[in-house]
Amino acid sequence: MKTIRVKIRDNYLEVSAPVGTSEKYIRDLIYENEEDLYARLSSYVPYFDLREDGYVYIFGKKYQIVVRDIKKKQCAIHGDSIYVYTSYIENALSIYLSQILYEYLKKRTSEYLPLFNRPMPRIQIKQYKGRWGQLL
């Protein structure tokens, strides 16, 4: 890495710098850009808050999470709420959102396939933990 990156992640600053970069240099860089960083931090809104009465954005629309624990890993959207039927909110939402994404990709892909005269490709939704192209 040859550059210093300052990212806002989960309402805090994450700094990536080349090996050997002094802390003083990083601190000076942050102080130099303090106003811009503060403005970005104060306007930060996460895409989800995975707890009861939290929220999740799906395709740009905000849904309130309502938990009805009946021990089923299922979810359903009703109006502006997404009902989660288990106390394992993150797990159930992950499964449900993967299904929504799969259906969306399948629909959009099938709209363009006739233009290229190609068969439907296999679509697989996975959760990646590393960056694309990074050797782990």
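Buried means under 20% relative accessible area, while exposed means over 50%. I wrote that at the top of my page before looking at any residue, and I also noted that this is a predicted model.

**Entry 1: Tyr55, buried or exposed?**

I started with Tyr55, which has a relative accessible area of 15%. That value falls under 20%, so Tyr55 counts as buried.

Next I looked up its partners in the sheet. On one side, Tyr55 in S4 stands opposite Asp49. In S5, the bridge partner of Tyr55 is Gln64.

I then checked what lies over the ring. Lys62 sits over the face of Tyr55, 4.3 Å from the ring centre. Lys62 turned up again in my notes, since Tyr57 has Lys62 as its bridge partner in S5.

**Entry 2: the sheet around it**

In what order do the strands of the open sheet come? I read five strands in the order S3-S4-S5-S7-S6, with mixed pairing. S3 and strand S6 (75–78) stand at the edges and have a single partner strand each, so one side of each is left without a neighbour in the sheet.

A reminder to myself: strands of a sheet pair through backbone hydrogen bonds, either parallel or antiparallel.

I went through two of the pairings here. Strand S3 (residues 48–49) runs antiparallel to strand S4 (residues 55–58), and two bridges join them. S4 is also antiparallel to strand S5 (residues 61–67), with four bridges in that pairing.

**Entry 3: two hairpins**

How many residues lie between S3 and S4 in their hairpin? I found five, and Asp53 in that turn has a positive phi of about 65°.

The hairpin of S4 and S5 has two residues between the strands. There I noted Phe59, whose phi is positive and near 50°. I kept Phe59 in mind for the next entry.

**Entry 4: aromatic pairs**

How many aromatic pairs does the count come to? The count comes to two.

Tyr55 and Tyr57 make an edge-to-face pair, 6.0 Å centre to centre, with 85° between the planes. I checked the label: planes over 60 degrees apart count as edge-to-face. Tyr55 is buried at 15%, whereas Tyr57 is partly exposed, with a relative accessible area of 31%.

Phe59 and Tyr104 also pair: their ring centres are 4.8 Å apart and their planes meet at 45°, so this pair is tilted. Phe59 sits in the loop between S4 and S5, and Tyr104 in helix H3 (residues 89–116). The two are 45 residues apart, so I wrote down that the pair links distant parts of the chain.

I looked up the accessibility of both residues too. Phe59 is exposed at 54%, and Tyr104 is partly exposed at 37%.

**Entry 5: a nonpolar patch**

Which residues make the nonpolar surface patch of about 520 Å²? I listed Val45, Tyr47, Phe48, Leu50 and Tyr57.

I picked Val45 for a closer look. Val45 belongs to the loop between helix H2 (34–42) and S3. Its relative accessibility is 51%, so Val45 counts as exposed. Tyr57 I knew already from its ring pair with Tyr55.

**Entry 6: salt bridges**

The structure holds six salt bridges, and I looked at some of them.

Asp28 and Lys24 meet through their side chains at 2.9 Å, N to O. Where do they sit in helix H1 (residues 23–32)? They are four residues apart, which means about one helical turn separates them. Asp28 is partly exposed at 35%, while Lys24 is exposed at 55%.

Arg40 and Asp36 form another salt bridge, at 3.2 Å from N to O. These two are in helix H2 and are also four residues apart, so again the separation is about one helical turn. Asp36 is partly exposed, with a relative accessible area of 40%.

I also noted the salt bridge of Asp69 and Lys71, at 3.4 Å from N to O. Here Asp69 is partly exposed at 35%, and Lys71 is exposed at 69%.

**Entry 7: looking back at S4**

To close, I gathered my notes on S4. This strand pairs with S3 through two bridges and with S5 through four. Tyr55 of S4 is buried, and Lys62 lies over the face of its ring.

Methods. Residues numbered from 1 in each chain as written. Predicted model: local features only at pLDDT ≥ 70, side-chain atom pairs only at ≥ 80, totals over all residues. Heavy atoms only, no water. Pairing = 2+ DSSP bridges. Patch = residues over 30% accessible without salt bridge, like charges linked within 9 Å, V, L, I, M, F, W, Y side chains within 5 Å. Areas by Shrake-Rupley, 256 points an atom, 1.4 Å probe, with all protein chains shown as cover. Salt bridge = Lys/Arg side-chain N within 4 Å of Asp/Glu carboxyl O. Buried < 20%, exposed > 50% of the residue type's maximum accessible area, 1.4 Å probe, protein only. Phe/Tyr/Trp six-rings, centres within 6.5 Å; stacked < 30°, edge-to-face > 60°. Lys NZ or Arg CZ within 6 Å of the ring centre and 35° of its normal.
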